[in-house]
Amino acid sequence: MTTAGTLALPKPSYLAAGWSLRSWFLTLDHKRIAILYLASITAFFFVGGAAAVLMRLELATPESDLVTSGVYNRLFTIHGTIMVWFFLIPSIPAVLGNFLVPLMIGARDLAFPRLNLLSWYLFMLGGLLAVGAIIAGGVDTGWTFYTPYSTTYANSAVIPMAAGIFISGFSSILTGMNFIVTVHTMRAPGMTWFRLPLFIWSTYATSLIFVLATPVLAITLVLIGVERVWGVGIFDPSLGGDPVLFQHLFWFYSHPAVYIMVLPAMGVVSEIVPCFASNRIFGYRFIAFSSVAIAVLGFLVWGHHMFVAGLSLHASLVFALLSFLVAIPSAVKVFNWMVTLRNGTIRYRTPMLYALGFIGLFTIGGLTGLYLASLAVDLHVHDTYFVIAHFHYIMVGGAVMAYLGGIHFWWPKVTGRTYSEPWGIFSAILLFFGFNLTFFPQFVLGYLGMVRRVAEYPPEFQVLNVLSSAGASILGLAYLVPLVYLTRSLIRPPSVGSNPWNATGLEWGTPSPPTAHNFDEPPVVTGPPYEYENPQAVASQEAQNG
Amino acid sequence: MAEAPLAHQFDDIVQQREAAGLGMWTFLATEVLFFGGLFTAYTVYRMSYPDAFREACHHLYMWLGAVNTAVLLTSSWTMALAVRAIATTDRRSGISSLLWTAALGTLFLLIKGVEYYLDLREQLVPGAGFRTAWSVDPSHAQMYFVLYFIMTGLHAVHMLVGVGAVLVMAFLVWRDSQVTRRANAVEMTGLYWHFVDIVWIFLFPLLYLVA
């Protein structure tokens, strides 16, 4: 080889690989597509958040004085649909997953880069339809679209909203397909299944749900559209239809969708905890297989949303038992993280605070889920604020905490910049307090009997509602602070080394930000993941050796 | 043997082919669940209204459905021939088999269209003009036809996509100087085609033969 004489210039990073609009909007680079998703879901988050702000303002007083009940119905529908389908479901998979899956397994890109770009366009098309539905007067069915209300009686923009969710569903399916195929076929030499980072295991399990559950939602929304437009009663009891069939089809998707939100979050936590505990992850295979177990069991528990819909007692008992079983793989993860922490040397940095917050809040969310899986308790608290509090502990306390933890953890890798650590720590703690103040009172409210989806409530519930609204304003602030300091960090040029946290994993072997094709040479993996040197263990080893 | 151009993200052609195959199978798994929701609805309502389904089924043109089943099975055969021919660099018979497949698919859609027209004439289309002369509750018979039109309609949409894809493949094979570069793409199209065919194999007995 006589290549001497060519100057060994460093390759530009993926961010510097092109500056035109075209280089962004027609990019096939998984990292740029991740950035497109990051920008768009952040916008949707603030749309859904604005609706929540108005709801909490309205609920500060028992009367419906700020908005009418009709407007309130539209507010909680905006909040639910936007947050579920246009923020939470794409959040970790489409942003962090898109960015990290090829980097973590040592590939140049996902298996199907063009499908990846298409998935973003489908997502945006669906999102714009949903926003259009909101502008056209909103939807008042709730995010669950229960029939026959959504098909016959609702006098609102159900069709554009359902069409938007239908289309964005195909973006989920394409993302899931891409991840499954990439993990199967594009791993670097030596990257065996049990050397994969746990984030990959959980993303893989999530992708199975994307591919197998989303189409059922899609066909259900088609049926709703047909019934509404055509006037035939697929789910209308007066025309021989069965509204409970709708609920079965809807929850067959929407319960697994909960695991679409929380499984990737668990993957993020499994990356952050060993890094900041400077310790090898405890029980690697148990954590890996528990992701798959959660994905599989998640398909078998949808009936617990329907205990009051007239399921037979036997069916209800089976669904209750299966729902209890999901607690086992979830607890396996929590205990393994605990042992990893117990044996480690902990650095309390921003990502770690979010991860620790996740562990605590997810545990509360998970344990209250057991209350709801118990038939008798569920009859008492069904459709109350207890349910609202429970799933916000999973979706906000769990998924959003981990998402923000992941954003802070990989921010230096994604952007090449560092953010202000004191502000990071401050906002992580603020989020934890704001979150608990918002949602803990709702457990009490629900237990006392305050039902969900109402703009008015008996005056004796006001104190707890005011506490919750006060918490929500702190929570809102805790979302805005990172938006400010993370954006501000972009002003200065990239300055971070390839591995600022001393983390393991192939992504930390690339420059920050990585080059367009990730790796100059395909990396070769020779050992297990999470090879952290625990300073304590090293010290005690040295002491023993004398 | 010439191979398809290697996309930048793959190390070698074997990896690229594996990815394409696994991607298509994953997509078909999605499709199974997509139709699965409809099959579930069908099962629930057939168990609720067995008499209405039996009576409504008598109004379909069973022989048109049977002819269409034969047409579609034949098209799967020509599709398999096309995959085989192109893998063995036989351009002429590859293209002609693809064109036969597209033609049979179009014939299927035409027959289906005629059938829809006959259904419309006999007031079997659900809605305000739905026929009233039933010995069972008309809304139960209507449920059968709602499912019939959605299931066969969705299948027809898949057929339309399939015919388009097969024609694109025929064009690409015709244009390319080395046919084997397209072998993998044709094989993937074939997988999709056979899947759509199999869906019909389930639809035909469930809708036409339940009586």
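P513(A) lies in the loop that runs between α15 (462–488) and α16 (535–545) of chain A, and in this predicted model the peptide bond leading from S512(A) to P513(A) is cis, with omega near -10°. A cis peptide bond also joins T147(A) and P148(A), where omega is about 0°; P148(A) is placed in the loop between α4 (113–135) and α5 (149–153) of chain A. Such details are worth noting against a general background, since most residues other than glycine have a negative phi, and most peptide bonds are trans.

Positive phi values are likewise found in loops of chain A. S278(A), a residue other than glycine, has a positive phi near 45°, and S278(A) belongs to the loop between α8 (243–276) and α9 (284–298) of chain A. Because 19 C-beta neighbours lie inside 10 Å, S278(A) counts as partly exposed, given that a residue is called buried when 20 or more other C-beta atoms lie within 10 Å of its own. For D383(A), also a residue other than glycine, phi is positive and near 60°, and D383(A) is located in the loop between α12 (375–381) and α13 (385–415) of chain A. With 13 C-beta neighbours inside 10 Å, D383(A) is counted as partly exposed, the exposed class being reserved for residues with 12 or fewer.

The chain that holds these loops is helical in its secondary structure, for chain A comprises 16 helices and zero strands. Its radius of gyration is 24 Å, close to the 24 Å that the globule rule gives for 546 residues, so chain A is as compact as a globular protein of that length. The C-alpha trace of chain A spans about 80 × 55 × 45 Å along its principal axes, and 55% of the 546 residues of chain A count as buried. Among the contacts in chain A with a separation of 6 or more, 85% are accounted for by residues 24 or more positions apart.

An example of a buried position is provided by I78(A), which has 26 other C-beta atoms within 10 Å and lies in helix α3 (residues 69–105) of chain A. When residues up to four places away in sequence are not counted, I78(A) touches G48(A), A51(A), I134(A) and G138(A). In addition, I78(A) and G49(A) are 29 residues apart in sequence, while their C-alpha atoms are 9.4 Å apart in space.

Chain A meets chain B in a contact that takes 32 residues from chain A and 30 residues from chain B. On the side of chain B that touches chain A, α1 (13–48) and α5 (138–175) of chain B each supply at least two residues, and α1(B) gives the most, with 17 residues. The residues on this side of chain B divide into 14 nonpolar, 13 polar and three charged.

The helix α1(B) was also examined for its length and course. At 1.5 Å a residue, the 36 residues of α1(B) should span 52 Å, and the end C-alpha atoms of α1(B) are 53 Å apart, which agrees with that expectation. Along α1(B) there is nevertheless a kink of about 25°, centred on G36(B).

Finally, the confidence of the prediction can be stated for chain B and for the complex. The mean pLDDT of chain B is 95, and 99% of the residues of chain B reach 70 or more, while the predictor gives the complex an ipTM of 0.94 and a pTM of 0.95.

Note on methods: Residues numbered from 1 in each chain as written. Chains lettered and ligands numbered in written order. Predicted model: local features only at pLDDT ≥ 70, side-chain atom pairs only at ≥ 80, totals over all residues. Contact = placed C-beta atoms within 7 Å. Helix = DSSP H or I, 4+ residues; strand = E, 2+ residues; numbered from the N terminus. Nonpolar A, V, L, I, M, F, W, Y, C, P; charged D, E, K, R; others polar. Expected span 1.5 Å × (residues − 1). Bend = angle between axes of the 7 residues up to and from the residue. Rg over C-alpha atoms; globule rule 2.2 N^0.38 Å. pLDDT = per-residue confidence, 0-100.
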